[in-house]
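User: Please pick one local part of this model and look at it closely. Then explain how the rest of the chain is put together, in terms a first-year student can follow.

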Amino acid sequence: MARKVYKGEKNNKERTMNKLIQAVGIVIEKYGYTGLNIANIASEAGVDRKLISLYFGTVDNLVETYIKGKDYWVGASVGAMEMLAKTANAGSREFLENLLINQIDHFSKDEEMQKVVLWQISEKSDIMSHVTQSRERLSSLFFPFSDRELAGKDVDLRAVSSLLVAGIYYLVLHAKSTDSTFCEIDLTTEEGMDRIKNAVKTVLKQTYDGAKDK
């Protein structure tokens, strides 16, 4: 019978790191991004504050690890090449449409990431700059794929996509922070969000179908 290798120290380290990562989310939910400091994170994790430096180097590295693990676009870039290969026959429009519809669902449910995005647009941050660069990895994979499909067409899919992504972020944040409608649409209801999803599909359909030769 093979001897069991002792992994207690390794397992303890992994558990502690996971506690610290999860604690970042708790702090964001409780206090917002302004509460992201060593004392609050260590307290919520229930561990010695020195372990943050030991395992992550800095608080910023810990927070960045948390955000990259939660961010929709960073996560979507994982396995993107395989997904693009599977949808090659369907085309880039279906792939982009699915990404955007899923973004609505994902962002609507994730209150921690809603606060992270508010942080991103409210002040300049090295952490969010690094996260944004990681998000762009998906763009570097998708747009060459769509460029081949739309070669010779007078359409700026990057600009259209930018407006749709930004619009989704804003509309979800509006729905979560106010009791008012937006363009007479109640975004707090399933019906309201379904109208936004249908609008996304319509915009993409018209963008692709209406693309004229240069």
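Analyst: Cysteine 183 lies in the loop between α10 (157-177) and α11 (190-209), and this loop is the part to look at closely. The model is a predicted one, and the values below are computed from it. Glutamate 184 is found in the loop between α10 and α11 as well.

Start with the backbone. Most residues other than glycine have a negative phi. Cysteine 183 has a positive phi, near 50 degrees, and is not a glycine. Glutamate 184, also not a glycine, has a positive phi of about 65 degrees.

Next comes accessibility. Is cysteine 183 buried or exposed? Cysteine 183 has a relative accessibility of 67%, and it counts as exposed because the cut-off is over 50%. Glutamate 184 reaches 74%, so it counts as exposed by the same cut-off.

A residue in a helix gives a contrast. Leucine 62 sits in helix α4. Its relative accessible area is 0%, and it is therefore buried, since the cut-off for that class is under 20%. Which residues does leucine 62 touch, leaving out those up to four places away in sequence? They are Leu20, Ile21, Val24, Ile41, Ile52 and Phe56. With leucine 20 the separation along the chain is 42 residues, while the two C-alpha atoms are 7.7 Å apart.

Now the whole chain. It has 11 helices and zero strands, so read from the N terminus every element in the order is α. Of its 214 residues, 40% count as buried. Among contacts with a separation of 6 or more, 67% involve residues 24 or more positions apart. The C-alpha atoms fill a box of roughly 65 × 55 × 35 Å along the principal axes.

The chain is divided into domain 1 (9-69) and domain 2 (71-213). Their centres, taken over C-alpha atoms, are 29 Å apart. Across the boundary, 12 residues of domain 1 are in contact with 15 residues of domain 2. The two domains bury about 1,300 Å² between them, and 64% of that is on carbon and sulfur atoms. On the side of domain 1, Tyr33, Ile67 and Lys68 lose the most area to domain 2, together 49% of what that side buries.

What polar links are there between the domains? There are zero salt bridges between domain 1 and domain 2, but seven residue pairs are in polar contact, with both members at pLDDT 80 or more.

Which helices supply at least two residues each of the side of domain 1 that touches domain 2? They are α1 (8-31) and α4 (59-70). Helix α4 gives the largest share, seven residues. By class, this side of domain 1 has six nonpolar, two polar and four charged residues.

To return to the two parts compared here: cysteine 183 is exposed in its loop, whereas leucine 62 is buried. Helix α4, where leucine 62 is placed, is also the helix with the largest share of the side of domain 1 that touches domain 2.

Technical notes: Residues numbered from 1 in each chain as written. Predicted model: local features only at pLDDT ≥ 70, side-chain atom pairs only at ≥ 80, totals over all residues. Heavy atoms only, no water. Domains from an automatic or database assignment. Contact = heavy atoms within 4.5 Å. Buried area = accessible area lost by both parts, 1.4 Å probe. Salt bridge = Lys/Arg side-chain N within 4 Å of Asp/Glu carboxyl O. Polar contact = N/O pair within 3.5 Å; in protein donor to acceptor, adjacent residues only side chain to side chain. Helix = DSSP H or I, 4+ residues; strand = E, 2+ residues; numbered from the N terminus. Nonpolar A, V, L, I, M, F, W, Y, C, P; charged D, E, K, R; others polar. Buried < 20%, exposed > 50% of the residue type's maximum accessible area, 1.4 Å probe, protein only.
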